[in-house]
Amino acid sequence: MKSNSLTKPEKSLPFKWYYDQKIFQKEITKIFNDEWLYVCHISSIDKNHYRTLSVNNKNIVLIKNKLNDISVFYNTCSHRGSQIFDQKEGKVKSPIIICPYHQWSYELSSGKLLNTTSLKLKNFDKKKYSLQKVNFYIWKGLVFVNLNSKKKFNLQSTFQYYDKTIEKIDLENFVVGHVWKKNVLCNWKIYWENYSECLHCPNIHPELSDLVPLYQRRLVDIKDHPEWVILKKTNSHSKYHGGLKNGAETWSVDGSSQGQSIEDVQSELESRGQIYISTWPTMFLGIYGDHIRIVRLIPISSEEVELTAEWLFPKSTLSNSIYKMENVIDFGILVMNQDANISEVNQRGIYNLEKNSGVLMPEEYIIRDFHIYVRKKLKE
Amino acid sequence: MKSNSLTKPEKSLPFKWYYDQKIFQKEITKIFNDEWLYVCHISSIDKNHYRTLSVNNKNIVLIKNKLNDISVFYNTCSHRGSQIFDQKEGKVKSPIIICPYHQWSYELSSGKLLNTTSLKLKNFDKKKYSLQKVNFYIWKGLVFVNLNSKKKFNLQSTFQYYDKTIEKIDLENFVVGHVWKKNVLCNWKIYWENYSECLHCPNIHPELSDLVPLYQRRLVDIKDHPEWVILKKTNSHSKYHGGLKNGAETWSVDGSSQGQSIEDVQSELESRGQIYISTWPTMFLGIYGDHIRIVRLIPISSEEVELTAEWLFPKSTLSNSIYKMENVIDFGILVMNQDANISEVNQRGIYNLEKNSGVLMPEEYIIRDFHIYVRKKLKE
Amino acid sequence: MKSNSLTKPEKSLPFKWYYDQKIFQKEITKIFNDEWLYVCHISSIDKNHYRTLSVNNKNIVLIKNKLNDISVFYNTCSHRGSQIFDQKEGKVKSPIIICPYHQWSYELSSGKLLNTTSLKLKNFDKKKYSLQKVNFYIWKGLVFVNLNSKKKFNLQSTFQYYDKTIEKIDLENFVVGHVWKKNVLCNWKIYWENYSECLHCPNIHPELSDLVPLYQRRLVDIKDHPEWVILKKTNSHSKYHGGLKNGAETWSVDGSSQGQSIEDVQSELESRGQIYISTWPTMFLGIYGDHIRIVRLIPISSEEVELTAEWLFPKSTLSNSIYKMENVIDFGILVMNQDANISEVNQRGIYNLEKNSGVLMPEEYIIRDFHIYVRKKLKE
């Protein structure tokens, strides 16, 4: 359940937490090495292909075999620690994984060591030298990993404000149409805070605030407006409409969805405009009229975060020759660049008042929840 | 009062102090966060303009309002720590400062919070959220800041070897004609040491040593020559003249001051050539025939220092259409580049003898005083 | 004496040791500041020339005077720590070394302080301010330094697997024909491990494995093959020949030595192909049909190592106008680049399994000895 507006000013996290190395190392250990981290949508790996990626300084490899099954391993040979897959992505040539250094071979699906290239050795127990598996879970086509091998995936605790609307969508059958990456020079928490409030919307996002009238009021939810219900009743025009502006169908440059739509959630979207689901510390997902956008956040250092955005569409939309993907991609990039810029401005001011904290205002209740989450995880 | 020549070899600071991170952090805390740091001459900010600058990793902003009054703040919004002024310098558009992130507004002169953009909040005491002021003092047009808010400006303790000659000059009415910046790859103390002796002059500064005959003798003060007084009496020619070489009027490429001069100190300059005033750890100032040059030193890291030189002139000089500023600027840059180069050479040698110290020779008594100052501050 | 094949799997060093900063600092202190480090062959410095180089963050200078005598000093003036020689190499213009900063002068051969440029100073004992000597030793034309001034050179303990064959060669009269440098992004121990086994040869070095048939079997020594002796007796063809492939004379692109040879060791080379001598942590040397190649390893950081390869030839070979040096140089560079690439791949995989160690296989007995050496030195 979403929280309500704050009723008193709340201390923000100490400014030092946005650059201090010890805090950052603690966050890696206690948060990023202990939570379900979003990797990518299943459609971004082809059959008989692999894909490597770096999370928390660890390089992992996702492999999809010919049966469409996924395996996830640390990308390291058990012999002397060599990296096995040297490219970002590529084709798997056989059902056997072979290390490029000394040609140790492993079974593709299980990671079991099949053979070494050495002379025979007594007391050498192959079973001890399998590739090391990474704990993963696929939920509705979304691949998550957890570097804590003992953690079990739990829907309710993984998503902060779970919204059942998503269950109506067959997300596993959507297809990634575009991927966009950007490194932002701010602490990962700064970007999350930016995502969690709309006080900045009118000035930072003029185009978006035009599309979503509620954002002109610096609000993210109609429940945050003290007299919304009354005003809506007595005013029929768009001013108190909670969704997109009149005539708009999706988050796109011209507001049009070009005849495409995510059908099962149209009635929900009509009144709400968009639906968000997020999972700290690495993913937020937005459902829009004709597409879904997923943004992944991976910290590169205490003062740099890597954004990866995926645009997902129903297969029928991508196969429609008239549909122009740019309409939604360009709009998403516009908004994300605006957020990236102001997040960097925020970061640059944070060093000056090192012993201080900021203050959270009524509309910043999601940030307050986020801070409670961070503090709690660091204490564990 | 200036000290006299050393009568025995003195141990220099340990070589490790010129790169050790712990020592550097201590210097930032005990010296740079506790002393009056030179910022710039008041004439370098226009009315209704601001100027930001970074000192010790803190970004501060100087604002001159329409009445020519100066305010100095940390460049950070009290809300969630955003940087407020994003440019190095610019125009202030209204008497209100507005943060670019969430449009919190502050009074230009006092820094008082005027308005937030949030819903009303009980217990929110605006007075607690003013911009944070920086302690500053303007002395004869020179702006100094102290990151220790409790320190009061004191003329005698701020300048190491105060010279009353400067009081004859209406420095507040001088104008900055040129600014030059250079980052030098050496510890800030290495540059100060270089500034504090002339043993290096004949080989490093051939042009300067030609202009100032005393420097050919590797001396900075005639009192340092054992038999100067006697020699001067019995020799009338320039060899024992303490000022500039015959015919020269100022520190310039051709020695000429092009008919301009700082009148009130001409008699002083005639016998002395130039007059120096310095304040550790950030400024030295030279008074020459027709101009004043101020050099500011700000450490960027343990092994990098940023130099900023300002050339100041009487207004009448700058408005004289015949006067060519290059004559003094080029000479100053020549000398400073020579010092920068040899300071980098000095730094590169410092790592080899890590457990050792150098040795100070008779002429290096100002360096000895400087080392006493550094040691004392670090012990405080 | 070389060890024999391992009879049980051995734990490799913890993966963390290949990037941890504390381990690296310990290695610098306990290993690199305490062992005989290879610098260069004596022929690479001309009479009346100097050469500077950086080892473990220390810059040292080797000077060869007009009598061909070598002196080695830390490249730092005793006055205030200035670097004295600013170029990588150059001519010595007089038998006196003069510091560029304040012109202190030192005797070229002894480093004794001759003169300062300061006024006379009581109690200033020149003898205390000599240039600081670096402990060095020249063995058969190879210059070694030890930053521990008390260590004495000992042939047996310096070379791990000393091979008396080298004593037949008048190495001091060889000449460096070519020098090649490359920085490799791996821990210095990774490169040593790579050098210490041939399990990787067939796949990483196809050309070399063609030249040296034993390497196709992933072995470095015929004694490592369980039934070699028997097989050799019963098979006369090259398959069980321990040296180069039939017709090949040296490690070169076409296998030819162009009529040149290191005569005194031809009979040894015929059966063994090449002869190796190495000294941890900085040098391995290979004797081939017509040349010697020496590779120096200097760590730049925990995850970067600088390789410097010298190709040495008998004077008569270099003065032979028909001999094309490229034939051996290109082959050496090919092999070293292959090793550099795979070493970087190895390094990239090492971060993933931070609490683990790799495992050593039978053929990796030299690596096991190397690990024993590293562990022992770190404990000292």
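Student: In this predicted model, which residue in β8(C) is the bridge partner of C:Ile96?
Tutor: The strands concerned are β7(C) and β8, residues 105-107 of chain C, which run antiparallel and are joined by three bridges. Within that pairing, the residue of β8(C) that bridges to C:Ile96 is C:Glu107.

Student: Which strands stand at the edges of the sheet that has the order β7-β8-β9 in chain C?
Tutor: This is an open sheet of three strands with antiparallel pairing, and its order is β7-β8-β9. An edge strand here has a single partner strand, so one of its sides is left without a neighbour in the sheet. That applies to two strands of chain C, β7 (96-98) and β9 (113-115).

Student: By what angle are neighbouring strands of this three-stranded sheet turned against each other on average?
Tutor: The three strands β7, β8 and β9 of chain C pair in the antiparallel sense. With direction ignored, the average turn between neighbouring strands of this sheet is 35°.

Student: Which strands are at the edges of the four-stranded sheet of chain C?
Tutor: The sheet is open and its pairing antiparallel, with the order β5-β4-β3-β6. Each edge strand has a single partner, so one side of it lacks a neighbour in the sheet. The edge strands of chain C are β5 (70-74) and β6 (89-91).

Student: What is the average twist from one strand to the next in the sheet with the order β5-β4-β3-β6?
Tutor: The sheet in question holds four strands of chain C and is an open one. From one strand to the next, its twist averages 20°.

Student: Which residue in β5(C) stands opposite C:Leu62?
Tutor: Strand β4 of chain C, which spans residues 58-64, pairs with β5(C) in the antiparallel sense over five bridges. Opposite C:Leu62, the residue found in β5(C) is C:Val72.

Student: What kind of axis relates chain C to chain B?
Tutor: Chain C is superposed on chain B, with an RMSD of 0.1 Å, by a rotation of 120° combined with a shift of 0.1 Å along the axis. Such an operation is the relation of a three-fold axis.

Student: Which residue of chain B comes closest to the rotation axis when chain B is laid on chain A?
Tutor: Chain B is laid on chain A by a turn of 120° and a shift of 0.1 Å along the axis, with an RMSD of 0.1 Å. Judged by C-alpha position, the closest approach of chain B to the rotation axis is 8.8 Å, and the residue that makes it is B:Gln21.

Student: How much area do chain C and chain B bury between them?
Tutor: The contact involves 29 residues of chain C and 34 residues of chain B. Of the area lost, 55% lies on carbon and sulfur atoms, and the total buried between chain C and chain B is about 2700 Å².

Student: With which residue of chain B does C:Arg80 form a salt bridge?
Tutor: Across the interface of chain C and chain B there are four salt bridges, alongside 19 residue pairs in polar contact. In the salt bridge of C:Arg80 the closest N and O atoms are 3.1 Å apart, and the partner is B:Glu197.

Student: Which three residues supply 27% of the area that chain B buries against chain A?
Tutor: Chain B brings 29 residues to this contact and chain A brings 35, and the two chains bury about 2700 Å² between them. The 27% share is more than any other three residues supply, and it comes from B:Arg80, B:Tyr101 and B:Leu119.

Student: Which side chain of chain A meets B:Arg80 in a salt bridge?
Tutor: The interface of chain B and chain A holds four salt bridges, and its polar contacts number 19 residue pairs. For the salt bridge of B:Arg80 the distance from N to O is 3.5 Å, and the side chain on the other side is that of A:Glu193.

Student: Is the peptide bond from B:Trp280 to B:Pro281 cis or trans?
Tutor: B:Pro281 is in the loop between β13 (275-279) and β14 (283-287) of chain B. Omega for the bond from B:Trp280 to B:Pro281 is near 5°, and the bond is cis.

Student: What is the value of phi near B:Lys140?
Tutor: B:Lys140 lies in the loop of chain B between β10 (135-139) and β11 (142-146). Phi is positive here in a residue other than glycine, with a value near 50°.

Methods: Residues are numbered from 1 along each chain as its sequence is written. Chains are lettered from A and ligands numbered from 1 in the order in which they are written. This is a predicted model: local features need pLDDT of at least 70, side-chain atom pairs count only at pLDDT 80 or more; totals for chains, interfaces and linings use all residues. Side-chain values use heavy atoms; hydrogens and water are left out. Copies are superposed by least squares on the C-alpha atoms of residues with pLDDT of at least 70 in both. Two strands pair if DSSP finds at least two bridges between them. Axes are lines fitted to C-alpha atoms, for helices over the stretch in contact, and angles run from 0 to 180 degrees between N-to-C directions. Contact means heavy atoms within 4.5 Å. Buried area is the accessible area (1.4 Å probe) that two parts lose on being put together, summed over both. A polar contact is a pair of N or O atoms within 3.5 Å; within protein, one must be able to donate a hydrogen and the other to accept it, and residues adjacent in sequence count only if both atoms are side-chain atoms.
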